[in-house]
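Me: I am new to reading protein structures and would like a close look at a single part of this one. Please take one helix, go through its sides and its neighbours, and then place it in the rest of the chain.

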Amino acid sequence: MTVKNKETIKKLIEKKLLGEKKYLVADYTARKLAEETGINQRYLSEVLRQEFNANYASLVNGYRVKEAIKLLSDSHFRDLSIEDIGDKVGFAYRQTFYAAFVRFTGTTPRAFRLQQEQMGGTETVNRNRIRIKGNTEYE
């Protein structure tokens with residue numbers, strides 16, 4: 001696969017996941033992404049690994065956690081339960097949401113929300129950039 005092909009595939013992935021916000025759909029899989037973009041699944045996995053330093057689940061969960069941070073930081077969503085926020089950002093299971101949130105932020109969603117409330121909504125995590133293992137940053 002050429003560098004140009006990788007760049008093209010990366011742009012297709014970003015357009016579908018970020019532009020169309022497909023990461024918010026709980027049952028949106030790598031297979032569906034490959035089908036909708038016309039990318040061979042093997043190439044898709046290779047580009048995710050090389051260009052994003054992540055597998056599909058890590059990439060999507062990073063975007064979901066970033067969205068959850070926005071909602072947990074916003075007083076307009078204070079009435080939503082933690083589980084409702086997890087559902088709203090695409091996590092099908094509470095356990096998966098908590099595990100991903102802790103992995104990306106180092107704290108639980110509940111503890112994060114409490115911190116936000118105590119600090120008057122001042123964020124303790126830079127919600128514009130989330131760094132994960134492999135030094136991938138999600139904007």
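Reply: What follows starts with the last helix, H7, and then moves to other parts of the chain.

The model is predicted, not an experimental structure. The chain has seven helices and two strands. Read from the N terminus, the order of elements is α-α-α-α-α-α-α-β-β. Helix H7 covers residues 109-118.

Begin with the side of H7 that is hidden. Four residues of this helix are buried: Pro109, Phe112, Arg113 and Gln116. Around the helix axis they cover an arc of only 100 degrees, so they sit on the same side of H7. Arg110 and Gln118 are on the other side of the helix, and these two are exposed. What do the buried residues of H7 pack against? Their partners are three helices: H4 (56-73), H5 (82-88) and H6 (94-105). After H7 comes Gly120, which has a positive phi, near 70 degrees.

Each of the next two residues belongs to a partner of H7. Asn61 is located in helix H4. Its relative accessibility is 15%, and because buried means under 20%, Asn61 counts as buried. Leaving aside residues up to four places away in sequence, Asn61 touches Phe91, Ala100 and Phe104. Asp84 belongs to helix H5. With a relative accessibility of 37%, Asp84 counts as partly exposed. Along the chain, Asp84 and Arg94 are 10 residues apart, and their C-alpha atoms are separated by 9.1 Å.

H4 also packs with H1, the helix of residues 3-19. The axes of H1 and H4 are 11 Å apart, and the angle between them is about 40 degrees. That angle makes H1 oblique to H4, because the roughly parallel class holds angles under 35 degrees and the roughly perpendicular class runs from 65 to 115. The crossing of H1 past H4 is right-handed. Which residues meet there? From H1 come Ile13, Leu17 and Leu18, and from H4 come Tyr56, Leu59, Val60 and Tyr63. Sorted by class, this contact has seven nonpolar residues, with no polar and no charged ones.

Two loops complete the tour. Lys21 is in the loop between H1 and helix H2 (30-37). Lys21 has a positive phi of about 55 degrees, although it is not a glycine. Its relative accessibility of 39% makes Lys21 partly exposed. The loop between helix H3 (41-52) and H4 contains Asn53. Asn53 is not a glycine either, yet its phi is positive, at about 50 degrees. At 41% relative accessibility, Asn53 is partly exposed.

Finally, consider the chain as a whole. It has 139 residues, of which 40% count as buried. Take the contacts between residues at least 6 apart in sequence: 61% of them join residues at least 24 apart.

To return to the helix you asked about, H7 has its buried residues on one side, with Arg110 and Gln118 exposed on the other. The buried residues pack against H4, H5 and H6.

Methods
Residues numbered from 1 in each chain as written. Predicted model: local features only at pLDDT ≥ 70, side-chain atom pairs only at ≥ 80, totals over all residues. Heavy atoms only, no water. Buried < 20%, exposed > 50% of the residue type's maximum accessible area, 1.4 Å probe, protein only. Arc of directions from axis to C-beta. Contact = heavy atoms within 4.5 Å. Axes fitted to C-alpha atoms, helices over the stretch in contact; angles between N-to-C directions. Parallel < 35°, antiparallel > 145°, perpendicular 65-115°, else oblique. Left-handed = near helix turned anticlockwise from the far one by under 90°. Nonpolar A, V, L, I, M, F, W, Y, C, P; charged D, E, K, R; others polar.
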